[in-house]
Amino acid sequence: MKRTPKAAFFIVFVVIAALVYTSFFGVYQNFGDRRDAVIKGASDIRFGIDIRGGVDATFKPAEGVTGVTDDQIQGVKDVIELRLVADGITDYEVYADTANQSVIVRFPWKSDETNFDPQAALAEIGQTARLAFYYGHETTTETDAEGNTYQVPTGDLVLTGADVDNATVYFDNESGEYAVSLKLLESGKEAFATATKKQYESGGTISIWLDHDMISYPKVNAVIGDGSASISGGFDLESATDLANLINAGALDFDIVVANYGSISPTLGASALDAMVLAGIIAFILIAIFIILTYRLPGVIAVIALAGQVAGSIAAVSGYFSFLNGFTLTLPGIAGIILSVGMGIDANVITAERIREEARLGKTIDGSIATGCKSSFSAIFDGNVTTMLVAVILMGVFGPPSGLFAKILYPFLFMFPAATTGTVYSFGYTLLMGIIFNFIMGVFASRLMLQSVTRFKIFRKPWLIGGVRE
Amino acid sequence: MKDLFKGNFAYVKNSKYLWMFAGGLILICLILNLILGTSVDVAFKGGTLAKFAYEGDLTEQAVVDYLSKDFKLNALDVQLSEATASGSDEKYQLINIYTTDELGTDEVTKLADGLTKNFAANKLTQDSINSIQSTMGKMFFLKCMVAVAIAAVVLIIYVGLRFRKIGGWPAGVMAMVALLHDLTIAYFAFVLFRIPLNDNFVAVVLTILGYSLNGTIVVYDRVRANRRKLRAPLTEVANVSLNETFKRNLNTFITTFLAIATVAVVAFVENLDAIISFAIPMAVGVVAGFFSSTFLCIPAWVAWMNKREAKKAAKERSGGKK
């Protein structure tokens, strides 16, 4: 049998220690005043609105509105996104649930905000979008009665959203680029013809505005008399789709209303976070003491592996790995990390019990470990699969309708609306990540460490792996 | 009890009493449930739950009187409660207003403005609002129940397939019965601790299903290995397997329970409702899951398999006579 080299323990240990350190503290680089995360740490975690306070709402077309297309719902989503960004809220979550013709929005309070008025915030982002076309793209700044400043166009109005039929994305074979084709209603054709004529002759532009944002200002290259224009130049598929969606949303002739909403004031959350971190630390220490007292050397190894598992879970929510985006962490999500510590140690417990049995039968240390590791694998695997199935179902039920797991469950759950609350989604995710990292740490890393550490003479005692003291 | 830790407990023989214990417990809980009733969270039943923080003295009746005078709210329910403020031990008082009406943002603003003006001395501030359309709430509840059913079926099929060599379907069905036990106990935890059923309930139920089945699988796995090794009657194989895996099941139970109980205790000390309603039922469910996968599931499966064997033998005998 090939023996695990002695150095393996140290290599695995150092890798885990490095993972623990970097996942908690991150790695940052300073560029003058700017602090960029090279590796994201625990301070980069995006917390859910149950911790930070915030608003959670479902928008739907107003009652009596029929014939809303999926594209229009997508357009509503894009408008809401635009408004949130305009309000300085960047860590929002917006999902379009086309199956149920609704848009789900979640956003936290801004940290410097003192006046929490969820109703006003929702009224603002849910208002009917105002689309308008103006001559030129020069702007000036205007201040309203409440002291908010806006950019406003200086040119005259050409058209409003009521004159626009729709916008679509197409691929222009000639230029090899994506472009947006714009169709106007009869009411807008004349005004647009006049405007394009004037701007074409003067080499000017026509700017397109949604609420207070200038979303595009194409240069006019032709006089358009038939109400069918194309906007091109420098678009890729994504940016062209964005523009088309926004124009479509501005051309919507229906209102959206808030169907469900919830809001949480920020006073509750912060202490909850501290409490949960404290609970996590206490739980980890208690479990570590218990497992070391019970299983001795394999117990110590289990604790090292467990630290690696926790670090992995933290890394999976903070966006540490470049292939995994950060994930919103809610209170149940934190409970999921802690719970998966308690559950995850099962892999080590099963293996350690098996090793102990073998050792008590009088087998050699290497033999006990080899047999114990091998015979415990199927039980560990099956156990992890059941929990993983559960986590996947949780994510499918509570996650956004566009999520991977929701799509898997779609054949069974298509007739149901998206979850009215969003905190459990995070629990499913941390549970799933806990299991995956448990598989890496509790099975493979633990085994490597145990096999290599027992090659050192001072650890070659049957008692240390649960055998009888010599 | 001593036999349990010494590793020669007669599980199959004693399972009668343990099943009776479980049955009795469920019966008592059911009676308590009928007395206490079940409360359901806004997320499932729909309506509006508005919470306002206030200072000084206030009576529920005063709020009810004011609201019924100025607002026509259906099934109005007003309660006062206490919560802990962030980052300090300072307690603050809350008015909890529930109505089956789905209040829109405008209506909530009107309600908030009216209350703030009328109870100006109490310095009301909006704490949290939940307004859910009752049809959406009910559909969401249904979705959760379907999800639980899907989870149960998927898990049972998995067990059935993995253990088809030792009589897969009875193994799967008995695992299902054990899961039903866990599910019931987790539900009663919500009822007895007066926690409204919400989305946490689904998280708890599904997690417990996974946890409990995990324990059951470890035993089935051992039964499968021991059947080849021991070549003894199933009852004996099951007893040996259960005794051998008891330490593992117990220790994993202890670590899992330690984890979730710590969360529950800290949440209780810090008065975190959102976590208490998650952690306490989860802790109870973990106990139920440990109990059912150790004492209930396998013995019942053995009884079923033995009965099946007896039937088969009887059939062969009568077939032989012909």
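The paragraphs below describe a predicted model of two chains, A and B, beginning with its confidence scores and moving on to the contact between the chains and some local features.

The model scores an ipTM of 0.85 and a pTM of 0.83. For chain B, the mean pLDDT is 85, and 96% of the residues score at least 70. Among the elements of this chain, the lowest mean pLDDT, 74, belongs to helix 1 (residues 2-6) of chain B, while helix 9 (residues 234-269) of chain B has the highest, 91. Where pLDDT is low, predicted coordinates should not be read in detail.

We turn next to the contact between the chains. Chain A contributes 66 residues and chain B contributes 66 residues. On the side of chain A that touches chain B, several elements each supply at least two residues, among them helix 4 (118-126), strand 15 (256-264), helix 10 (365-398) and helix 12 (423-453). Helix 7 of chain A gives the most to this side, with 17 residues. By residue type, the side of chain A that touches chain B divides into 46 nonpolar, 16 polar and four charged residues.

Strand pairing also links the two chains: strand 15 of chain A and strand 4 (residues 125-132) of chain B run antiparallel and are joined by four bridges. Within this pairing, Ser263(A) stands opposite Ile129(B). Another antiparallel pairing lies within chain A, where three bridges connect strand 12 (residues 206-210) with strand 13 (residues 213-216). Here Ile208(A) stands opposite Ser216(A). Strands 12 and 13 of chain A form a hairpin with two residues between them, and Asp211(A) in the turn has a positive phi of about 50°.

Positive phi values appear elsewhere too. Arg296(A), found in helix 7 of chain A, has a positive phi of about 55° although it is not a glycine. This arginine, Arg296(A), counts as partly exposed because it has 18 C-beta neighbours inside 10 Å. In chain B, Lys123(B) is likewise not a glycine, yet its phi is positive, at about 45°. Lys123(B) sits in the loop between helix 5 and strand 4 of chain B, and counts as exposed because it has 12 C-beta neighbours inside 10 Å.

The loop between helix 5 (105-118) and strand 4 of chain B also holds Phe119(B). With 19 C-beta neighbours inside 10 Å, Phe119(B) counts as partly exposed, because burial requires 20 or more. Leaving aside neighbours within four places in sequence, Phe119(B) is in contact with Tyr54(B), Leu58(B) and Leu124(B). The C-alpha atom of Phe119(B) is separated by 34 Å from that of Asn200(B), a residue 81 places away along the chain.

On a broader scale, chain B is divided into domain 1 (2-41 + 136-315) and domain 2 (47-132), with 41 Å between the C-alpha centres of the two. Helix 8 (residues 199-230) of chain B has 32 residues. From first C-alpha to last, helix 8 of chain B reaches 46 Å, close to the 46 Å expected at 1.5 Å a residue. Helix 8 of chain B is mostly covered, with 25 of its 32 residues buried. Just after helix 8 of chain B comes Arg231(B), whose phi is positive, near 50°.

Note on methods. Residues are numbered from 1 along each chain as its sequence is written. Chains are lettered from A and ligands numbered from 1 in the order in which they are written. This is a predicted model: local features need pLDDT of at least 70, side-chain atom pairs count only at pLDDT 80 or more; totals for chains, interfaces and linings use all residues. The expected span of a helix is 1.5 Å times one less than its number of residues. Two residues are in contact if their C-beta atoms, placed from the backbone, lie within 7 Å. Ala, Val, Leu, Ile, Met, Phe, Trp, Tyr, Cys and Pro count as nonpolar, Asp, Glu, Lys and Arg as charged, and the others, Gly among them, as polar. Two strands pair if DSSP finds at least two bridges between them. Domain bounds come from an automatic or database domain assignment. pLDDT is the predictor's confidence in each residue, from 0 to 100.
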